[in-house]
Amino acid sequence: MKLRHSLFIIFSVLLTFSVSAFAGNDHVETDKNGVILAGYDAVAYFTQNAAIEGSAEFTATHNGAIYRFSSSKNRDLFTDNPEKFEPQYGGFCAYGAALGKKFEVNGKAFEIVDGKLYVNKNEDVYEVWEEDKSENIVTADQQWKVIKAVAASKL
């Protein structure tokens with residue numbers, strides 16, 4: 001009985017470690033499976049100016065997050081230059097970052113500004129962010145330096 005209990009404890013510790021290893025980090029907004037951008041294709045935002053759902057068939061890992069792509073071509077473009085396609089503020093909501101907060105995103109509310117990907121919590125939040133986009137980006141850039149390493153739950 002003690003052996004079974006010990007094995008259960010070891011298994012539980014290993015499971016906890018493995019889940020946390022794939023759950024991203026405080027710098028990156030991912031779901032419980034470690035997927036960023038709510039599973040949307042980071043390259044498609046740039047090449048198709050659209051939120052296209054990615055597939056578990058085409059993935060790449062960058063900065064602790066799993067990116068999904070709609071094609072192997074997009075995956076390969078990403079792996080050749082991930083910094084070109086990664087979202088600003090670790091994939092957290094751009095307007096939230098301007099407010100000093102970290103909000104998850106739905107992957108549908110996005111904009112490319114000066115070659116950089118900005119995502120927002122949802123379409124309603126995007127509309128507010130867009131009203132003063134330039135100022136919101138400047139403010140979010142400043143705030144991100146402060147909040148980057150802080151867990152979303154602590155903000």
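## Aromatic cluster

In this predicted model, Tyr89, Phe92, Tyr118, Tyr126, Trp129 and Trp144 are joined into a cluster by ring pairs. Across the whole structure, a search finds 11 aromatic pairs. One of them is formed by Tyr118 and Trp129, whose ring centres are 5.8 Å apart with 35° between the planes, a tilted arrangement. Tyr118 belongs to strand S4 (residues 116-119) and Trp129 to helix H6 (residues 123-131), so this pair ties together parts that are 11 residues apart in sequence.

Trp129 also pairs with Tyr126. Here the centres are 5.8 Å apart and the planes meet at 40°, so this pair is tilted. Tyr126 and Trp129 are 3 residues apart in helix H6, which means that about one helical turn separates them.

## Burial of the paired rings

Are Tyr126 and Trp129 buried or exposed? Both residues are buried. For Trp129 the relative accessible area is 0%. Tyr118, the partner of Trp129 in the pair between strand S4 and helix H6, has a relative accessibility of 3%. Tyr118 counts as buried because this value falls under the 20% cut-off.

## Pro87 and its surroundings

Pro87 sits in a loop, with helix H4 (82-85) on one side and helix H5 (94-98) on the other. Although in a loop, Pro87 is buried, with a relative accessible area of 6%.

Which residues does Pro87 touch, leaving out those up to four places away in sequence? The contacts are Ile36, Leu37, Tyr67, Leu117 and Val119. For Leu117, the separation along the chain is 30 residues, while the C-alpha atoms of Pro87 and Leu117 are 4.8 Å apart. Strand S4, the strand that holds Tyr118, covers residues 116-119, and Leu117 and Val119 are among the residues that Pro87 touches.

## The largest pocket

The largest pocket has a volume of about 260 Å³. It is lined by 15 residues, and those closest to its centre are Pro87, Gln88, Tyr89, Gly90 and Trp144. Sorted by class, the lining consists of 6 nonpolar, 6 polar and 3 charged residues.

The pocket shares residues with the features described above. Tyr89 and Trp144 are among the lining residues closest to the pocket centre, and both also belong to the aromatic cluster. Pro87 is another of these central lining residues, and Pro87 is the buried residue in the loop between helices H4 and H5.

How values were computed:
Residues numbered from 1 in each chain as written. Predicted model: local features only at pLDDT ≥ 70, side-chain atom pairs only at ≥ 80, totals over all residues. Heavy atoms only, no water. Helix = DSSP H or I, 4+ residues; strand = E, 2+ residues; numbered from the N terminus. Buried < 20%, exposed > 50% of the residue type's maximum accessible area, 1.4 Å probe, protein only. Contact = heavy atoms within 4.5 Å. Phe/Tyr/Trp six-rings, centres within 6.5 Å; stacked < 30°, edge-to-face > 60°. 1 Å grid on protein atoms, 1.4 Å probe; cavity = no way out; pocket = protein on both sides within 12 Å on 5 of 7 lines; lining within 4 Å. Points joined across faces, edges and corners; volume = space filled by probe spheres on them. Nonpolar A, V, L, I, M, F, W, Y, C, P; charged D, E, K, R; others polar.
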